[in-house]
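Trainee: I am new to this structure and would like a close look at a single part of it. Could you take me through the side-chain contacts slowly?

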Amino acid sequence: MRQLLVSLSIASLLLLAGCSGEPDVYREPDEVITVKVNREFIIAITTNPPTGYMWTATVDESMLELVSSTIKARRVEIKGEEKVILEQHFRCRALNKGDTEVQLNLRGPDIKHIWEQESFLVTIR
């Protein structure tokens with residue numbers, strides 16, 4: 001009986017550990033993001049903050065909550081060489097079922113002009 005309780009305890013801890021991981025990261029605008037209500041996901045896009053250009057996100061606030069926007073370094077291999085790139089991570093939480101999108105706009109130092117746009121489609125179940 002004691003061995004069964006220990007086994008169940010270990011199985012429960014492993015299950016909880018698997019559920020507490022980081023949200024999925026999406027980098028390709030042509031990939032539809034599918035997420036359940038109350039779950040989070042991250043949209044990552046390459047950026048270069050020292051230039052004064054930064055991405056801004058627009059979401060339908062009845063469908064998604066923009067939880068945070070952070071800059072993170074990521075190692076990638078480019079033409080056989082390891083490089084470090086900077087990504088802007090937009091962490092979102094799904095609020096209601098349905099289809100929506102996250103619109104990303106690359107703005108210059110003056111904040112007025114949009115230099116580039118990307119759109120990520122999101123299906124919330």
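Trainee: To begin with one residue, is Tyr-26 buried or exposed?

Mentor: Bearing in mind that this is a predicted model, Tyr-26 is buried, with a relative accessible area of 9%, and its ring takes part in one of the two aromatic pairs that the structure holds. The partner is Phe-41, which at 1% relative accessibility also counts as buried, and because the ring planes stand at 80°, with the centres 6.4 Å apart, the pair of Tyr-26 and Phe-41 is edge-to-face. This pair links distant parts of the chain, since Tyr-26 belongs to strand E1 (residues 24-26) and Phe-41 to strand E3 (residues 40-47), 15 residues apart.

The rings of Tyr-53 and Trp-115 form a pair as well, with centres 6.1 Å apart and planes at 70°, so this pair is likewise edge-to-face. Here too distant parts of the chain are linked, with Tyr-53 in the loop between E3 and E4 and Trp-115 in strand E8 (residues 114-124), 62 residues apart. As for their surroundings, Tyr-53 is partly exposed, with a relative accessible area of 28%, whereas Trp-115 counts as exposed at 53%.

From the rings we can turn to the charged side chains, for which the count comes to eight salt bridges. One of them joins Arg-74 to Glu-87, with the closest N and O atoms 2.9 Å apart, and because Arg-74 lies in strand E5 (residues 64-78) and Glu-87 in strand E6 (residues 81-94), the pair ties together parts that are 13 residues apart in sequence. Of these two residues, Arg-74 counts as partly exposed at 30% relative accessibility, while Glu-87 is buried, with a relative accessible area of 2%.

A salt bridge also forms between Glu-82 and Arg-75, where the closest N and O atoms are 3.2 Å apart; Glu-82 is exposed, with a relative accessible area of 59%, and Arg-75 counts as exposed at 60%. Lys-83 and Glu-81 meet in a salt bridge at 3.9 Å, N to O, with Lys-83 partly exposed at 38% relative accessibility and Glu-81 partly exposed at 49%. In addition, Glu-22, Glu-40, Glu-65, Arg-91 and Arg-93 are linked in a network of salt bridges.

Finally, the surface carries a nonpolar patch formed by Met-54, Ile-71 and Leu-86, which together have about 200 Å² of accessible area. Within that patch, Met-54 has its place in strand E4 (residues 54-59) and is partly exposed, with a relative accessible area of 31%.

Note on methods
Residues are numbered from 1 along each chain as its sequence is written. Side-chain values use heavy atoms; hydrogens and water are left out. A salt bridge is a side-chain nitrogen of Lys or Arg within 4 Å of a carboxyl oxygen of Asp or Glu. Helices (H or I, at least four residues) and strands (E, at least two) are DSSP runs, numbered from the N terminus. Buried means under 20% relative accessible area, exposed over 50%, partly exposed in between (1.4 Å probe, protein chains only). Patches are made of residues with over 30% relative accessible area and no salt bridge: like charges are joined within 9 Å, nonpolar side chains (Val, Leu, Ile, Met, Phe, Trp, Tyr) within 5 Å. Accessible areas come from the Shrake-Rupley method with a 1.4 Å probe; for residues, only the protein chains shown count as cover. Rings of Phe, Tyr and Trp (its six-membered ring) pair if their centres lie within 6.5 Å; planes under 30 degrees apart count as stacked, over 60 as edge-to-face and the rest as tilted.
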